[in-house]
Amino acid sequence: MLSKKQARAFFLGGTLVTFLIFIGLTVFSLSKDVDQTNHDNITAEVVRGKEIWETNNCMGCHTILGEGGYYAPELTKVVDRLNAKYNDNGEEVIKSILMSKGPWQPNGRKMVAYGMTEAEANDVVAFFKWIGEIDLNGFGKVVGVDRKISPIAKERMNN
Amino acid sequence: MKYKSQKVAYWFFALSMLLLVLQIIYGFIMGFARIGFDNLHEFIPFNTARSVHTNLLVVWLLSGFMGAAYYIIPEEAQRELVNVKLAYVQLISLAVVGVVAIVGFHFNIWEGRKFLEIPRPLDYLVVVNVLLFLGLILVTLFKGKKQTTTALVLSMGLLFAALLYLPGMLPFDSQVTDSFFRWWVVHLWVEGVWELIMGGILSFLLIKLTGVDREVIEKWLYVIVGLTFLSGVLGTGHHYYYIGVNKIWLLVGGIFSALEPLAFLAMALFAVNMYRKGEKKHPNKLALYWTLGAAIVSFVGAGLLGFAHTLPQTNLYTHGTLVTAMHGHLAFWGAYAMIVLAIISYSLPNMTGRKLYDSATGRMAYWFSNIGMIGMTVAFGVAGVAQVYLERKFGMDFMAVQKEISIHFVVLIICASLFATGIIMYIVDFYKHGRPTDEAIEIKE
């Protein structure tokens with residue numbers, strides 16, 4: 001039968017080993033050789049865009065990379081999606097929403113009116129564009145424009 | 001109650017109750033917004049309500065854990081707390097930091113990183129506050145007559161929780177790296193070190209309530225926390241599947257997070273077996289309900305419902321949907337809220353000297369809140385699964401899907417009302433116990 005001492009050794013040993021593996025995998029997955037985030041393409045605008053994204057807590061409603069509030073649309077592939085919807089004017093649509101003085105309310109669900117300057121809106125768009133280029137191991141397809149649309153859904157959307 | 005200084009715990013628990021009520025109010029604001037009644041949008045938009053809701057959860061649970069430590073550590077170490085006045089200073093500063101952060105959220109002052117919205121300057125105050133708390137607990141423990149396994153596991157959980165707050169304060173230019181290290185805090189807290197805290201409190205309660213030999217209980221405590229870390233540390237990988245890092249995490253995260261329910265299963269089996277084995281019939285039935293309830297509901301909420309969407313093949317579609325909210329609600333309720341309510345139910349009669357061990361209000365509080373929360377979980381689950389199919393599989397527009405599933409939020413609000421009734425009853429019972437008193441020391445538990 002297991003003794004208390006053995007149980008403690010299992011706890012301490014298991015924790016130490018898994019934590020060391022975790023640190024090793026962290027170093028590996030953040031190393032340059034396996035980068036899939038286009039880290040080199042992070043420009044000053046992208047960084048400013050991220051700053052605006054954070055200081056306004058956009059994640060409190062939207063999701064990005066699948067993380068956020070589930071109250072407003074996923075924005076990982078937002079530029080592509082709106083380009084497809086508005087004849088390649090996706091960026092302009094995003095900017096007009098961000099710069100709007102009144103709350104944008106698709107289907108009655110309100111977004112805070114941020115009334116950003118054009119420069120700020122450009123930074124946020126740059127951030128979205130960088131996000132959109134990340135290799136997400138397949139998730140990009142699930143939330144992007146080229147997701148499979150079933151016939152039932154098409155019929156439904158057309159009605 | 002054996003030591004006068006244990007009374008400090010009462011005020012931490014009272015703060016917890018106050019913040020819990022506020023958390024529920026903000027939950028209702030979000031629920032109503034989802035069915036179209038967002039009349040408070042001008043003052044409390046959804047992102048404010050959400051940040052308040054989740055941050056209050058963290059603060060009230062931490063306050064509960066701290067109260068639990070202030071109650072348990074003196075009793076385990078067999079001495080008074082080293083400095084009671086500083087413990088009150090710590091309580092007040094915790095409350096002030098929490099309130100300032102939450103007020104700030106209403107004025108667009110935050111960091112906009114899910115669960116870690118508290119702005120940076122306040123982060124430093126949190127660190128100071130937690131250091132003070134840890135100092136008081138650890139000095140008491142090591143100056144005490146005994147350092148029991150229960151006390152060590154509890155203290156280790158609290159110490160690691162404090163250390164793991166730090167990676168969340170590192171600044172990054174990349175959203176991916178930012179997210180990567182945010183999970184070091186959030187995941188390694190709730191699926192790692194917080195389970196040590198839960199295990200420590202659970203073990204203390206089982207020793208007191210069942211009378212089973214301490215050596216037996218503490219041996220299994222090691223096995224359980226061992227399983228927790230063995231699966232939970234590498235299980236962090238389930239947050240890394242689709243955020244822009246290497247595919248290796250699909251494999252590592254998939255395997256180890258699939259093992260995470262084992263730790264919760266072990267905890268549930270452990271609690272139930274100890275209860276069966278126990279010869280002592282402690283009269284505090286309510287504390288026993290909450291203790292066993294925590295072990296069982298956490299297995300369902302954190303273990304099973306977590307498993308339901310943790311495999312990469314499933315998570316590809318459920319990632320970023322209401323399915324996560326389904327799991328989150330029952331997991332936090334079972335694993336952490338219920339264990340805090342358990343230690344409160346156990347310690348309150350001991351601190352106040354009023355043996356309201358088995359009141360009708362207390363029992364109803366237990367059943368209403370649990371049934372309400374299970375109903376809420378089902379509502380989130382149905383909404384989430386419908387969202388996955390309509391939006392992710394059939395490609396419908398996000399807002400069109402939200403309209404389709406809004407009916408489930410009506411159900412959610414109804415269940416939440418039952419839940420809230422239960423919580424109010426719990427607080428009524430809390431209030432009926434009166435204030436803590438030194439005279440309670442003479443009363444036998």
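Reader: How far apart should the ends of helix H9 (residues 285-307) of chain B be at 1.5 Å a residue?

Author: Start with the rule: the expected span is 1.5 Å times one less than the number of residues. Helices here are DSSP runs of H or I, at least four residues, and strands are runs of E, at least two, numbered from the N terminus. The 23 residues of H9(B) should span 33 Å, and the end C-alpha atoms are 32 Å apart, which agrees. This is a predicted model, where local features need pLDDT of at least 70, side-chain atom pairs count only at pLDDT 80 or more, and totals for chains, interfaces and linings use all residues. Residues are numbered from 1 along each chain as its sequence is written, with chains lettered from A and ligands numbered from 1 in written order.

Reader: Where is the kink in H9(B) centred?

Author: A bend is the angle between axes fitted to the seven residues ending at a residue and the seven starting there. In H9(B) the kink is about 30 degrees, centred on Ser298(B).

Reader: Is H9(B) largely enclosed or open?

Author: Buried means 20 or more other C-beta atoms within 10 Å of a residue's own, with C-beta atoms placed from the backbone. Of the 23 residues of H9(B), 18 are buried, so this helix is largely enclosed by the rest of the structure.

Reader: Which element of chain A has the lowest mean pLDDT?

Author: pLDDT is the predictor's confidence in each residue, from 0 to 100. Helix H7 (residues 151-158) of chain A is lowest, at 50, and helix H5 (residues 118-132) of chain A is highest, at 98. Chain A averages 91.

Key:
A residue is buried if 20 or more other C-beta atoms lie within 10 Å of its own, exposed if 12 or fewer, and partly exposed in between; C-beta atoms are placed from the backbone.
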